[in-house]
Amino acid sequence: MDLDQARAFIREHHRAVLVTHKKDGTPQTSPVSVGVAADGRLAVSSRETAFKVKNLRRDPRATLCVFTDAFYGKWIQASDVAEVVSLPDAMELLVEYYRGVAGEHDDWDAYRQAMEDERRVMVLVSLEAAGPDAAG
């Protein structure tokens, strides 16, 4: 699948399941909202204390399955390495993420404070390949 087509799909469809790996190697799945960062990586907001973040800090392999609000229909899978960016470096990434997924916020100061209070991080997943390339 063309990566620009994958990014265009993800800019329009934000529902996804993120797969990370537990210590024993088994998958841990999390429903998330996903966007596209300015550098083209896939962006997911999370909390510093979340298991998915702990898993990614130990093993940066990540897979996202992104689908439409209708669930059935078109979908995209992307697997690559993730980078976890913590505050304060994550703040402007979190603002960019919110704008891409939800639009403008009514009170950006309150949003920024909530990000600090919740100890938010930005998970950035590289997009080197996406699929499916064929239907089965």
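A residue is called buried here when its relative accessible area is under 20%, and exposed when that area is over 50%. The structure is a predicted model, and this report describes its helices, then some backbone features of its loops.

**Helices α1 and α2**

By the criterion above, A6, R7, F9 and I10 are buried in helix α1, which comprises residues 3-12. Viewed along the axis of α1, these buried residues lie within an arc of 160°, so they line one face of the helix. The face of α1 turned away from the buried side carries D4, Q5 and E12, which are exposed. The cover over the buried residues of α1 includes β2, β3, β4, β5 and β7 (130-131).

Helix α2 (residues 51-58) has K52, V53, N55 and L56 as its buried residues. Down the axis of α2, they too fall within an arc of 160°, so they line one face of the helix. As a general rule, an α-helix has 3.6 residues a turn, so residues three or four places apart point the same way. The buried residues of α2 pack against strands β1 (15-21), β2, β3, β4 (61-67), β5 (75-86) and β6.

N55 of α2 merits separate mention. Its relative accessible area is 6%, so N55 counts as buried. When neighbours within four places in sequence are left aside, N55 is in contact with T20, H21, K22 and Q28. The C-alpha atoms of N55 and G100 are separated by 26 Å, the two residues being 45 apart along the chain.

**Helix α3 and its packing against α4**

Helix α3 consists of 12 residues, 91-102. At 1.5 Å a residue, α3 should span 16 Å, and the 16 Å between its end C-alpha atoms agrees with this. Which residues of α3 are buried? They are M91, L94, V95 and Y97. These residues cover an arc of only 160° around the axis, and therefore lie on the same side of α3. Elements covering them include β2 (27-36), β3 (42-47), α4 (108-117) and β6 (120-125).

Helices α3 and α4 pack with their axes 11 Å apart, at an angle of about 120°. The two helices are therefore oblique to each other, and the crossing of α3 and α4 is right-handed. On the α3 side, M91, E92, L94, V95, Y98 and R99 take part in the contact; they meet W108, Y111, R112, M115 and E116 of α4. After α3 comes G103, which has a positive phi near 95°.

**Backbone features outside the helices**

Most residues other than glycine have a negative phi, and most peptide bonds are trans. The table lists departures from these tendencies.

| Residue or bond | Feature | Value |
|---|---|---|
| L87 to P88 | cis peptide bond | omega near 5° |
| G131 to P132 | cis peptide bond | omega about 10° |
| F71 | positive phi, not a glycine | phi about 75° |
| R119 | positive phi, not a glycine | phi about 55° |

P88 is located in the loop between β5 and α3, whereas P132 belongs to the segment after β7. F71 is in the loop between β4 and β5, and with a relative accessibility of 46% F71 counts as partly exposed. R119 occupies the loop between α4 and β6; at 47% relative accessibility, R119 likewise counts as partly exposed.

How values were computed. Residues numbered from 1 in each chain as written. Predicted model: local features only at pLDDT ≥ 70, side-chain atom pairs only at ≥ 80, totals over all residues. Heavy atoms only, no water. Helix = DSSP H or I, 4+ residues; strand = E, 2+ residues; numbered from the N terminus. Expected span 1.5 Å × (residues − 1). Buried < 20%, exposed > 50% of the residue type's maximum accessible area, 1.4 Å probe, protein only. Arc of directions from axis to C-beta. Contact = heavy atoms within 4.5 Å. Axes fitted to C-alpha atoms, helices over the stretch in contact; angles between N-to-C directions. Parallel < 35°, antiparallel > 145°, perpendicular 65-115°, else oblique. Left-handed = near helix turned anticlockwise from the far one by under 90°.
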